[in-house]
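Let's take a walk through this structure together, one contact at a time. Have the viewer open and follow along.

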Amino acid sequence: DIEKELSLSEGRFFKAGDAKSTWLRYCGFLDLSLEEFTQIQGHLLMEQIDLVADTVVGKELLQGRRPASVEEFRRTVPLTSYKDYAPYLNDKRDDCFAKTEHVWIQTSAQGGLFKRVPWASRFQKVQGRNVIAALILSSSPAKGEVAVAPGIKVLLILPGKPFASACLASSLAEHFPARVLPPLDESEKMTFRRKIDAGLRMGLTEDIDFVISITSSLLR
């Protein structure tokens, strides 16, 4: 049951599991065949259709239909871009989307305007798992070997909330006992420039295991 699995603290899982089970939990997708991966994606798509079919946006997108398969979805639903959803997203219209617990985040600015997206709490948990998977894959000397453990020190050079990158960082801190530098409760009160300065100064005196950053910010 995915909800039950997501509710398990990632830190507790690391403490109780061995390297094999940990690798399988976070990186097992690498062993999926193309057919298995496609089946999972198809199942997730149908889940999303059921979730949004009766919403304002869903009715417009699906044109009043409820596709019964991935193939039917491909035949009947047109390709869209952000501008198709902008009237709902830019005004943060909660009434137009599925009734799930969420917060509003923003992504890259385009033409001086930020793109806004509803970020579900369930998605936050999934993204926490994805960040851990990225840390494992970036540090593993070989398949099946895990060099990540509770207590790792992570230097964050990221903008604050409500940017998507900041939500990714907080998802790691919320679901895994990592030591984040500078601490999130302090860095959220800082300007981006002060946060970078504080993080790099701490990095000079601390043992840093990982750096999570937007490349352009890190280089500058």
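A residue counts as buried under 20% relative accessible area, as exposed over 50%, and as partly exposed in between. Keep in mind that you are looking at a predicted model. With that scale in hand, find Arg66: its relative accessible area is 41%, so Arg66 is partly exposed.

Which residue does the side chain of Arg66 meet in a salt bridge? The partner is Asp54, with a distance of 3.2 Å from N to O. Arg66 sits in the loop between α5 (56-62) and α6 (70-76), while Asp54 belongs to the loop between α4 and α5, so this salt bridge ties together parts that are 12 residues apart in sequence. Asp54 has a relative accessible area of 59%, and therefore counts as exposed.

Now move along to Arg179, which forms a salt bridge with Glu206; here the closest N and O atoms are 3.2 Å apart. This pair links distant parts of the chain, 27 residues apart: Arg179 is in strand β4 (residues 179-181), and Glu206 is in the loop between α11 (192-205) and β5 (210-213). Arg179 is partly exposed because its relative accessibility is 37%. Glu206, at 23%, is partly exposed as well. Returning to Arg66 for a moment, salt bridges with shared partners join Asp50, Asp54 and Arg66 into one network.

How many salt bridges does the structure hold? The count is six. Another one of them is the meeting of the side chains of Lys143 and Asp31, at 2.6 Å from N to O. Lys143 lies in the loop between α8 and β3 (153-157), and Asp31 in the loop between α3 (19-27) and α4 (34-52), so their salt bridge ties together parts that are 112 residues apart in sequence. The two ends differ in their class of accessibility: Lys143 is exposed at 59%, whereas Asp31 is partly exposed at 46%. As a general point, side chains of opposite charge can pair when their charged atoms come close.

Stay in the loop between α8 and β3, where you will also find Ser140. Is Ser140 buried or exposed? Its relative accessible area is 18%, so Ser140 is buried. The side chain of Ser140 reaches the backbone oxygen of Glu145, at 2.7 Å.

Next, step back into helix α8 (residues 121-139), which contains Leu137. Together with Phe29 and Leu30, Leu137 makes a nonpolar surface patch of about 260 Å². Why can Leu137 be called partly exposed? Because its relative accessible area is 37%, a value that lies between the 20% and 50% limits.

Finally, turn to the aromatic rings. A search of the whole structure finds one aromatic pair. Its members are Trp119 and Phe123, whose ring centres are 4.9 Å apart; the planes stand at 75°, so the pair is edge-to-face. Trp119 is buried, with a relative accessible area of 8%, while Phe123 is partly exposed at 38%. A ring also takes part in a contact with a charged residue: Lys115 lies over the face of Tyr82, at 5.6 Å from the ring centre.

Definitions and conventions
Residues numbered from 1 in each chain as written. Predicted model: local features only at pLDDT ≥ 70, side-chain atom pairs only at ≥ 80, totals over all residues. Heavy atoms only, no water. Patch = residues over 30% accessible without salt bridge, like charges linked within 9 Å, V, L, I, M, F, W, Y side chains within 5 Å. Areas by Shrake-Rupley, 256 points an atom, 1.4 Å probe, with all protein chains shown as cover. Salt bridge = Lys/Arg side-chain N within 4 Å of Asp/Glu carboxyl O. Helix = DSSP H or I, 4+ residues; strand = E, 2+ residues; numbered from the N terminus. Buried < 20%, exposed > 50% of the residue type's maximum accessible area, 1.4 Å probe, protein only. Phe/Tyr/Trp six-rings, centres within 6.5 Å; stacked < 30°, edge-to-face > 60°. Lys NZ or Arg CZ within 6 Å of the ring centre and 35° of its normal. Polar contact = N/O pair within 3.5 Å; in protein donor to acceptor, adjacent residues only side chain to side chain.
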